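Good morning, colleagues. I should like to speak briefly about aromatic rings and about a domain interface. Please look at the structure as it comes up.

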Amino acid sequence: MKIYLNGKLVDKADAKVSVFDHGFLYGDGAFEGIRSYGSRVFRLKEHIDRLYETTHTLMINSGLTKKQMSDAVVLTLKANKIKDGYIRLIVSRGDGDLGLDPRKCYGKPNVIIIADKISLYPAELYQKGMEIITVPTVKNHPNALNPQLKSLNYLNNILAKIEASHCGYNEAIMLESNGYIGECTGDNVFIYKDGVLSTPHLGRLKGITAGAILELALKMKIKVFEGYITRHEVYNAQECFLTGTGAELIPIVKVDGRAIGEGKPGVVTKKLLNAFYKQVKKDGVKYDL
Ligand code: PXG
């Protein structure tokens, strides 16, 4: 496996950064998770734009233009001969001292790209649907650490994931601090009822997959709502599903012990899932191996 590390492709064993990197010391950095399908990088522009929004807020300058960053993603896929895979792109602040002051980071930001495979949930759950729960850990307040930042500090989500797995579930719904539905630890939440597809507006990462699903829903003449959603509305939805680059689209059949609709993957969910898999075949930046 070849890893992109600061402009060079190096062997996995040589892909090393310092223990003084502020990404390691403080979670001080940004990342993206991107998929490629049949030698096409799905929504690469959107991922790169989101990465640069995160680094802009964090005031980290990777030193690469968006075009150079996009080319580096494709280069890494090609070097590893990956047609269908998962790309983890990381920009960390770089080496500093043992204080958290970014002004004392003397090193340049580290840019790392890993191209590999990913599978988040067991395959059979995509057929029969998954059960999830809400957990006590709420989403970070947007004015503390905005969930729209895809930062290297994922402890908020990891704490929620621990709570879910401790109770025997693969995934958790995290509420916003005001009690409304936020998102899952690595996916966005959707519900469907009576012709309307709803998803939370704030307090969540603006998922690229969610964006694609909303576009497909509009094309199918399904009404779309983005706003506050309560647990009660989730329990009484006809359908529920999660979206994310890792998860793609996974049907949810029970939340906090309440069956959603008929307790099996819904018709609209299946339609959107099929439309999504069609979309990924034609969408995205093509590369040759
Ligand atoms: N919310 C959060 C908190 C995420 O981390 C999404 C929503 C979905 O966004 P995209 O843009 O991917 O549709 C994410 C993405 C993992 C893993 O290892 C997590 C994500 C992506 C890939 C792998 O759990 N999170």
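How many aromatic pairs does a search of the whole structure find? In this predicted model, the search gives six aromatic pairs. One of them is formed by Phe31 and Tyr154, whose rings meet edge-to-face, at 5.1 Å centre to centre and with 75° between the planes. Along the chain these partners are 123 residues apart: Phe31 belongs to strand β3 (residues 29–36), whereas Tyr154 lies in the loop between β7 (130–134) and α5 (155–166).

Are the two residues buried or exposed? Phe31 has a relative accessibility of 9% and therefore counts as buried, the cut-off being under 20%. Tyr154, at 22%, is partly exposed.

Two further aromatic features deserve mention. Tyr37, Phe42, Phe276 and Tyr277 make up one aromatic cluster. Elsewhere, Arg258 places its charged end over the ring of Tyr235, 4.2 Å from the ring centre.

I turn now to the domains. The assignment divides the chain into domain 1 (2–116) and domain 2 (123–280), and their centres, taken over C-alpha atoms, are separated by 26 Å. At the interface, 24 residues of domain 1 contact 20 residues of domain 2. About 1800 Å² is buried between the domains, with carbon and sulfur atoms giving 64% of that area. On the domain 1 side, Phe31, Arg43 and Arg50 lose the most area to domain 2, together 35% of what that side buries.

Finally, the polar contacts. Two salt bridges are counted between domain 1 and domain 2. Arg43 also forms a salt bridge with Glu215, in which the closest N and O atoms are 3.1 Å apart.

Definitions and conventions:
Residues numbered from 1 in each chain as written. Predicted model: local features only at pLDDT ≥ 70, side-chain atom pairs only at ≥ 80, totals over all residues. Heavy atoms only, no water. Phe/Tyr/Trp six-rings, centres within 6.5 Å; stacked < 30°, edge-to-face > 60°. Helix = DSSP H or I, 4+ residues; strand = E, 2+ residues; numbered from the N terminus. Buried < 20%, exposed > 50% of the residue type's maximum accessible area, 1.4 Å probe, protein only. Lys NZ or Arg CZ within 6 Å of the ring centre and 35° of its normal. Domains from an automatic or database assignment. Contact = heavy atoms within 4.5 Å. Buried area = accessible area lost by both parts, 1.4 Å probe. Salt bridge = Lys/Arg side-chain N within 4 Å of Asp/Glu carboxyl O.
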